[in-house]
Amino acid sequence: QVQVVESGGGLVQPGGSLRLSCAASGRIFSINAMGWYRQAPGKQRELVSTITSAGNTNYADSVKGRFTISRDNAKNMAYLQMNSLKPEDTAVYYCNAILRVSWGGLVRDYWGQGTQVTVSP
């Protein structure tokens with residue numbers, strides 16, 4: 001089995017910072033990419049940022065210049081440094097890992113349970 005677990009959410013004032021962590025564990029052969037998505041109340045889940053095993057990154061326009069994704073391949077972890085937070089960043093943040101559980105196995109994506117980020121005065 002594979003587990004994906006997020007941590008680091010919380011309540012922060014506008015302009016503040018938070019760092020989210022994501023740990024993938026279990027039967028993992030290789031991880032192609034990891035990413036962060038978010039879902040605000042009443043809205044669809046949206047992409048925040050992704051990073052490949054080679055370190056190539058992608059960001060939503062709304063977070064460019066404020067958020068930074070990074071990854072530790074040896075530990076199967078990903079991080080999201082969030083600076084200059086705005087109230088509109090309030091959402092549940094989910095980690096996604098696209099991986100294989102065995103050599104030649106299918107590539108599948110796995111999701112964490114999410115961590116709440118609230119930006120409020």
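## A tour from the salt bridges outward

In this predicted model, the count of salt bridges comes to four. They make a convenient place to begin, since side chains of opposite charge can pair when their charged atoms come close.

**Stop one: Arg38 and its partners.** Select Arg38 and Glu46 together and display their side chains, which form a salt bridge whose closest N and O atoms are 2.7 Å apart. The two residues can then be coloured by accessibility: Arg38 is buried, with a relative accessible area of 6%, whereas Glu46 counts as partly exposed at 37%. Keep Arg38 selected and add Asp89, because the side chains of Arg38 and Asp89 also meet in a salt bridge, at 3.0 Å from N to O. This second pair links distant parts of the chain, with Arg38 in strand S4 and Asp89 in the loop between strand S8 (77-82) and strand S9 (91-100), 51 residues apart. Is Asp89 buried or exposed? At 1% relative accessibility, Asp89 counts as buried. Now extend the selection to Arg66, and the whole group is in view: salt bridges that share partners join Arg38, Glu46, Arg66 and Asp89 into one network.

**Stop two: Asp61 and Lys64.** Move next to Asp61 and Lys64, whose side chains meet in a salt bridge at 3.1 Å, N to O. With a relative accessible area of 64%, Asp61 is exposed.

**Stop three: the aromatic pair.** How many aromatic pairs does a search of the whole structure find? The search finds one, and to see this pair you should select Tyr37 and Trp111, which are arranged edge-to-face with 5.0 Å from centre to centre and 65° between the planes. Like the bridge of Arg38 and Asp89, which links distant parts of the chain, this pair links distant parts of the chain, since Tyr37 belongs to strand S4 (residues 30-39) and Trp111 to strand S10 (residues 108-111), 74 residues apart. Leave Trp111 on display and add Arg45, whose charged end sits over the ring of Trp111, 4.8 Å from its centre. Trp111 itself is partly exposed, with a relative accessible area of 35%. For another arginine over a ring, select Arg19 and Tyr79: Arg19 lies over the face of Tyr79, at 4.1 Å from the ring centre.

**Stop four: the open sheet.** Switch to a cartoon view and select strands S1, S3, S8 and S7, which in that order make up an open sheet of four strands with antiparallel pairing. Strand S1 (2-7) and S7 stand at the edges, each with a single partner strand, so one side of each is left without a neighbour in the sheet. Looking across the sheet, neighbouring strands are turned by 15° against each other on average, direction ignored.

Within this sheet, zoom in on strand S7 (residues 67-72) and show its side chains. Which residues of S7 make up its covered face, and which the uncovered one? Phe67, Ile69 and Arg71 make up the covered face, while Thr68, Ser70 and Asp72 make up the uncovered one. Add S8 to the view, where six bridges join S7 to S8 and the two strands run antiparallel. To fix the register by eye, select Thr68, which stands opposite Gln81 in S8.

**Stop five: two positive phi values.** Follow S7 to its end and select Asn76, which takes a positive phi near 55° in the hairpin of S7 and S8, where four residues lie between the strands. Asn76 counts as partly exposed, at 23% relative accessibility. Continue past S8 to Ser84 in the loop between S8 and S9, where phi is near 50°, again a positive value in a residue other than glycine. Ser84 is partly exposed as well, with a relative accessible area of 40%.

**Last stop: the whole chain.** Finally, clear the selections and view the protein chain as a whole, whose secondary structure comes to zero helices and 11 strands. The radius of gyration is 14 Å, close to the 14 Å that the globule rule gives for 121 residues, so the chain is as compact as a globular protein of that length. Taken along the principal axes, the C-alpha atoms fill a box of roughly 50 × 25 × 25 Å, and of the 121 residues, 40% count as buried.

Definitions and conventions:
Residues numbered from 1 in each chain as written. Predicted model: local features only at pLDDT ≥ 70, side-chain atom pairs only at ≥ 80, totals over all residues. Heavy atoms only, no water. Phe/Tyr/Trp six-rings, centres within 6.5 Å; stacked < 30°, edge-to-face > 60°. Buried < 20%, exposed > 50% of the residue type's maximum accessible area, 1.4 Å probe, protein only. Lys NZ or Arg CZ within 6 Å of the ring centre and 35° of its normal. Pairing = 2+ DSSP bridges. Axes fitted to C-alpha atoms, helices over the stretch in contact; angles between N-to-C directions. Rg over C-alpha atoms; globule rule 2.2 N^0.38 Å.
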